[in-house]
Amino acid sequence: MTTPAPIDKTAIRDAATVIVMRDRTTRPKVLMGQRGSKAAFMPNKVVFPGGAVDPADAQVQLSRPLPPLCAARLEEDAKPGIARALAAAAVRELWEETGQIVGHPAPWPGDVPNDWLTFAGTGHRPVADGLQFVFRAITPPGRPRRFDARFFLLDAEALATDPDDFSRATDELSHLQWIAVDEIRNHDLPFITEVVLAEVTARAHDITPPDSVPFFRNDDEESLFLRLRGHPMAD
């Protein structure tokens, strides 16, 4: 049996983050939790669920795929075929960090990857048709971890589980809670989280995927605010 190569944690890793929103037409709230004080990346910060793509995510068969528009935007300026892996990682990370399921009851086809055993054990297969790709950001140089993060907006109605039940969450995030968008700045947020929140708040009443996606690209040489699909970011 071949031992997997160790992960270079100083390299930029593909990652998926999920912004689950409820009460979108009244007083929007988003699901967030707090990172631990000893976390290497963003300690103590209040964040959305999410994390790096695992190698097995690319092999996971989604029972329902991403909206075609979102898949096309994810593939822009990215590795070919990455959209499915990112969508799978979003579903897996949401499950691991909050205990919430984005899936439907069905048996798994073939072998289940180790990282997906607990999800599959619930009797669900992952679905991605409710995920909307809304933002992309690369962690600036000089941080202990760097990610090329894609942010997905998900309506709480798409959850297969009770949105207030976090009993099956791991301990990666504490104080899981629904925070009203109009009160969220009372919490200790990373800068990029505030930027993304402004974008998704503006889309709270729009149920369609965005045609153009903001991309905060932090290269070693420069930082650029662009839009996927070739449109410059408006001032």
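I count a residue as buried when its relative accessible area is under 20%. F135, at 1% relative accessibility, therefore goes down as buried. I note at the outset that the model is predicted.

**Entry 1. The chain as a whole**

I looked up the secondary structure and found four helices and 12 strands. The chain has 235 residues, and buried residues make up 49% of them. I then checked the contacts between residues at least 6 apart in sequence: 68% of them join residues at least 24 apart. For the surface I noted an exposed area of about 11,600 Å², with carbon and sulfur atoms supplying 52% of it.

**Entry 2. Helix α1**

I went to α1, residues 68-75, and listed C70, R73 and L74 as buried. Looking down the axis, I found the buried residues of α1 within an arc of 100 degrees, so they line one face of the helix. I set beside this the usual geometry: an α-helix has 3.6 residues a turn, so residues three or four places apart point the same way. After α1 comes D77, and I recorded its phi as positive, near 50 degrees.

**Entry 3. Helix α2**

I checked the length of α2, which covers residues 82-98. Its 17 residues should span 24 Å at 1.5 Å a residue, and the end C-alpha atoms are 24 Å apart, so the two values agree. I also looked at cover, and 16 of the 17 residues in α2 are buried. Just after the helix, G99 has a positive phi of about 80 degrees.

**Entry 4. The nonpolar cores**

Which residues touch the most other members of the largest nonpolar core? I found V20, L66, L131, F152 and L154, in a core of 40 residues. I then listed the elements that give two or more residues to this core: β1 (12-22), α1, α2, α3, β7 (132-138), β8 (146-155) and β10 (213-218). Of these, α2 gives the most, with 11 residues.

I took V20 for a list of contacts, leaving aside its neighbours within four places in sequence. The list holds K29, V30, L31, L94, L154, A156, L159 and W178. Apart from the largest core I found another, of 26 residues, with V134, F135, A149 and V195 among them.

**Entry 5. Aromatic pairs**

I counted six aromatic pairs. For F133 and F152 I noted ring centres 6.1 Å apart and planes at 45 degrees, so I logged the pair as tilted. F133 is in strand β7 and F152 in strand β8, so this pair ties together parts 19 residues apart in sequence. Both residues are under cover: F133 is buried at a relative accessible area of 1%, and F152 is buried at 0%.

The pair of F135 and F151 is edge-to-face, at 5.9 Å centre to centre and 90 degrees between the planes. F135 lies in β7 and F151 in β8, so here the parts tied together are 16 residues apart in sequence. I had already entered F135 as buried at 1% relative accessibility; F151 counts as buried at 6%.

I also noted one aromatic cluster, formed by W95, W108, W116 and F119.

**Entry 6. The loop with N114**

I found N114 in the loop between β5 (103-105) and α3 (117-120). Is N114 buried or exposed? Its relative accessibility is 66%, so I counted it as exposed. I also took the distance from N114 to A56, which is 58 residues away along the chain: their C-alpha atoms are separated by 8.4 Å.

**Entry 7. Helix α4**

I finished with α4, residues 191-202, where T193 is found. The 12 residues of α4 should span 16 Å at 1.5 Å a residue; the end C-alpha atoms are 18 Å apart, which I accepted as agreeing. I listed the buried residues of α4 as I192, T193, V195, V196, L197, E199 and V200.

For T193 I recorded a relative accessible area of 4%, so it is buried. Leaving aside neighbours within four places in sequence, I found T193 in contact with M32 and F48. V195, also in the buried list for α4, is one of the members I had noted in the core of 26 residues.

Key: Residues numbered from 1 in each chain as written. Predicted model: local features only at pLDDT ≥ 70, side-chain atom pairs only at ≥ 80, totals over all residues. Heavy atoms only, no water. Buried < 20%, exposed > 50% of the residue type's maximum accessible area, 1.4 Å probe, protein only. Contact = heavy atoms within 4.5 Å. Areas by Shrake-Rupley, 256 points an atom, 1.4 Å probe, with all protein chains shown as cover. Expected span 1.5 Å × (residues − 1). Arc of directions from axis to C-beta. Core = buried A, V, L, I, M, F, W, Y, C linked by side-chain atoms within 4.5 Å. Phe/Tyr/Trp six-rings, centres within 6.5 Å; stacked < 30°, edge-to-face > 60°.
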